[in-house]
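Here's a quick briefing to read alongside the structure. Have the sequence and the 3D view open as you go through the points.

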Amino acid sequence: MKDWVDSCLQLLPETASIIHKQKIRVESSRKEGVLASDPTKGKFSVFSSVVSSLNLECTSRLNLIVIGDQEPEFEAGRKIQETLGSGKCLLKIVQFAKKRPEELSKEQSRLTKEFNCIYWRDHDEHLTFCH
């Protein structure tokens, strides 16, 4: 059975270098049972593990960019921000419309072009991408 990481790598091959730099595959596999029963709780658990692995300094501010097409990942991002405190976590949500893979590819291309702009913004944001 494919997990969300395998699906992402298949549908959004440009994300491979980012995904492979993180421990997301291992964490996703470990949390698969939780993801199936409660997607928001499972994604929050995965996000928490990744954030914990960053060993943020007490003066650091996390620039969390959540990219997806479903509410569970967005809610998990909001919970991370709530846990850390809004002053310690800048949250940017990039929401892809649920579409066919070829349309999703166009949205990914747009994200690739706009990513630096999104990254450097200094405020919370929820963007909806439609190609």
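Let's start with one residue: at 3% relative accessibility, Val46 counts as buried, because the cut-off for buried is under 20%. Keep in mind that this is a predicted model. Val46 sits in helix α5, and much of what follows is about that helix and its contact with helix α6.

**The chain as a whole**

- The protein chain has seven helices and three strands.
- Reading from the N terminus, you go through the elements in the order α-α-α-α-α-β-α-β-α-β.
- The chain has 131 residues, and 37% of them count as buried.
- If you take the contacts with a separation of 6 or more, 62% of them involve residues 24 or more positions apart.
- About 8100 Å² of the protein chain is exposed, with carbon and sulfur atoms supplying 54% of that area.

**How α5 and α6 meet**

- Helix α5 covers residues 39-53, while helix α6 covers residues 71-84.
- Their axes come within 8 Å and cross at roughly 50 degrees.
- That angle falls outside the ranges for roughly parallel (under 35 degrees), roughly perpendicular (65 to 115) and roughly antiparallel (over 145), so α5 and α6 count as oblique to each other.
- As for handedness, the crossing of α5 and α6 is right-handed.
- On the α5 side, the residues in the contact are Pro39, Thr40, Lys43, Phe44, Phe47, Ser48 and Val51.
- On the α6 side, they are Pro72, Glu73, Glu75, Ala76, Gly77, Lys79, Ile80, Thr83 and Leu84.
- Sorted by type, the residues of this contact come out as eight nonpolar, four polar and four charged.

**Residues to look at in α5**

- Thr40 is in helix α5, and it is buried because its relative accessibility is 18%, with the cut-off set at under 20%.
- Leaving aside residues up to four places away in sequence, Thr40 touches Pro72, Glu75, Ala76 and Lys79. These four partners are also listed on the α6 side of the helix contact.
- Back to Val46 for a moment: Val46 and Ala76 are 30 residues apart along the chain, and their C-alpha atoms are separated by 9.1 Å.

**Residues to look at in α6 and just beyond**

- Glu73 belongs to helix α6. Is this residue buried or exposed? Glu73 is buried, because its relative accessible area is 8%.
- Once residues up to four places away in sequence are set aside, Glu73 touches Lys43, Phe47, Val66 and Gly68. Lys43 and Phe47 are among the α5 residues in the helix contact.
- From Glu73 to Pro39 the C-alpha to C-alpha distance is 7.9 Å, with their positions 34 residues apart in sequence.
- Gly87 lies in the loop between α6 and β2, a strand that spans 89-96.
- Gly87 counts as exposed because its relative accessibility is 57%, and the cut-off for exposed is over 50%.
- Gly87 also pairs up in space with a residue far off in sequence: Gly87 and Arg61 are 26 residues apart along the chain, and 7.3 Å apart from C-alpha to C-alpha.

Note on methods. Residues numbered from 1 in each chain as written. Predicted model: local features only at pLDDT ≥ 70, side-chain atom pairs only at ≥ 80, totals over all residues. Heavy atoms only, no water. Helix = DSSP H or I, 4+ residues; strand = E, 2+ residues; numbered from the N terminus. Buried < 20%, exposed > 50% of the residue type's maximum accessible area, 1.4 Å probe, protein only. Contact = heavy atoms within 4.5 Å. Areas by Shrake-Rupley, 256 points an atom, 1.4 Å probe, with all protein chains shown as cover. Axes fitted to C-alpha atoms, helices over the stretch in contact; angles between N-to-C directions. Left-handed = near helix turned anticlockwise from the far one by under 90°. Nonpolar A, V, L, I, M, F, W, Y, C, P; charged D, E, K, R; others polar.
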